[in-house]
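Dear colleague,

I am passing on a structure for you to look through at your own pace. Please open it first, and then read the notes that follow beside it.

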Amino acid sequence: MDFIYHIWTTYIVNILDILVVSFIFYKCLVAIKGTRTIQIVIGLIALFAITIIAKDVIHLRALSWLMNKFWLAAVIILSVVFQSEIRYALAKLGSKIAFNETDIKTNFLGEISEAAIEMSKSRTGALIVIEKSFGLKNYTDTGIMLDAKISHELLLSIFNTKSPIHDGAVIIKNERLHSAGCVLPISTELEVKHLGTRHRAAIGISALTDAVVVVVSEETGRISVCIGGEISVVAREKLLKTLSDNYKQRHINNEQ
């Protein structure tokens, strides 16, 4: 028994500790990938390196004193800088514990489906990009940041032909309408040259990232979904299921 206890306390507990810490770091990196948070983290790492160099390498007393005071106040500073991210993470954790997450996703995707179907009936062109694990910051920066709760009414108003941003794409991030009027890369493949700009943009962004893209044709009213650079027409009654299946797959991949 003493030997087993020694093995447990010496090896297994340490391995478990390393695995838990590694998992936490991994989840944090996944959460901040493609956001401004990663730039702040890089800045903090640079400040930490400066602190070590100033204190232990070249012994700069004034700079060392200043950096020590900074790190003493770092908890308060970081809580202010990351307040929106902390709030979102806690809300996300609470929703997983207290609510059925599948229902939340269905409601979120249901709004997109409902808007796409209405625009299909009225032949209103639309381009909706749903971010998965690949960050789309390069493309959200080209549009107008909204950070709004998704509703089919909001989507309809954005893609109304009288709206100044109706020609751009809407990007969905973390189940919220992050940006509108975004510019996407246009596919230059010969086999899609006959398609309109929206459809080629949908193919272009889905080929470069793992995003799921919904396109509504202004000419025919057809709804198409682009995944992995491939475009396919989807019947109105099957749109929600198509989006749900792909979004659930994204969630499963992130959990893994």
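**What was found, starting from strand β1**

Within strand β5, Val-214 is the bridge partner of Ile-128, and in the same way Val-212 of β5 is the bridge partner of Ile-130. Please keep in mind throughout that this is a predicted model. These pairs belong to the contact between β1, residues 126-130, and β5, residues 212-216, two strands that run antiparallel and are joined by five bridges. With β3, by contrast, β1 pairs in the parallel sense, over three bridges, and there Val-129 stands opposite Ile-171.

Both pairings are part of an open sheet of seven strands, which follow the order β2-β4-β3-β1-β5-β6-β7 with mixed pairing. The edges are taken by β2 (144-148) and β7 (230-233), and because each of them has a single partner strand, one side of each is left without a neighbour in the sheet. On average, and ignoring direction, neighbouring strands of this sheet are turned by 20 degrees against each other. Helix α9, residues 197-208, lies across β1, β5, β6 and β7, and runs at about 175 degrees to β5.

Is β1 itself buried or exposed? Five of its five residues are buried, so β1 is largely enclosed by the rest of the structure. Ala-126, Ile-128 and Ile-130 point one way from the strand, while Leu-127 and Val-129 point the other way.

Ile-130 also appears in the largest nonpolar core, which has 26 residues, and where Ile-112, Ile-130, Leu-155 and Ile-172 are the residues with the most contacts inside it. Several elements give two or more residues to this core, including β1, α8 (152-158), β3 (169-173) and α10 (236-255), but α6 gives the most, with six residues. Leu-155, if its neighbours within four places in sequence are left aside, is in contact with residues that include Ile-112, Ala-115, Met-119, Ile-128 and Val-170. Apart from this core lies another one, of 17 residues, among them Leu-136, Leu-184, Val-192 and Val-215.

Finally, a search of the whole structure finds one cavity of 30 Å³ or more, and the volume of the largest cavity is about 40 Å³. Which residues line the largest cavity? They are Leu-109, Ile-130, Lys-132, Val-212, Leu-243, Asn-246 and Tyr-247, so that the bridge partners Ile-130 and Val-212 can be found again in this lining. The largest share of the lining, three residues, comes from α10.

With best wishes

Terms used: Residues are numbered from 1 along each chain as its sequence is written. This is a predicted model: local features need pLDDT of at least 70, side-chain atom pairs count only at pLDDT 80 or more; totals for chains, interfaces and linings use all residues. Side-chain values use heavy atoms; hydrogens and water are left out. Two strands pair if DSSP finds at least two bridges between them. Helices (H or I, at least four residues) and strands (E, at least two) are DSSP runs, numbered from the N terminus. Axes are lines fitted to C-alpha atoms, for helices over the stretch in contact, and angles run from 0 to 180 degrees between N-to-C directions. Contact means heavy atoms within 4.5 Å. A nonpolar core is a set of buried Ala, Val, Leu, Ile, Met, Phe, Trp, Tyr and Cys residues joined through side-chain atoms within 4.5 Å. Buried means under 20% relative accessible area, exposed over 50%, partly exposed in between (1.4 Å probe, protein chains only). On a 1 Å grid over the protein atoms alone, a cavity is a set of points where a 1.4 Å probe fits but cannot get out, and a pocket is an open set with protein on both sides within 12 Å along at least five of seven lines; lining residues have an atom within 4 Å of a point. Grid points are joined across faces, edges and corners, and a volume is the space filled by probe spheres set on the points.
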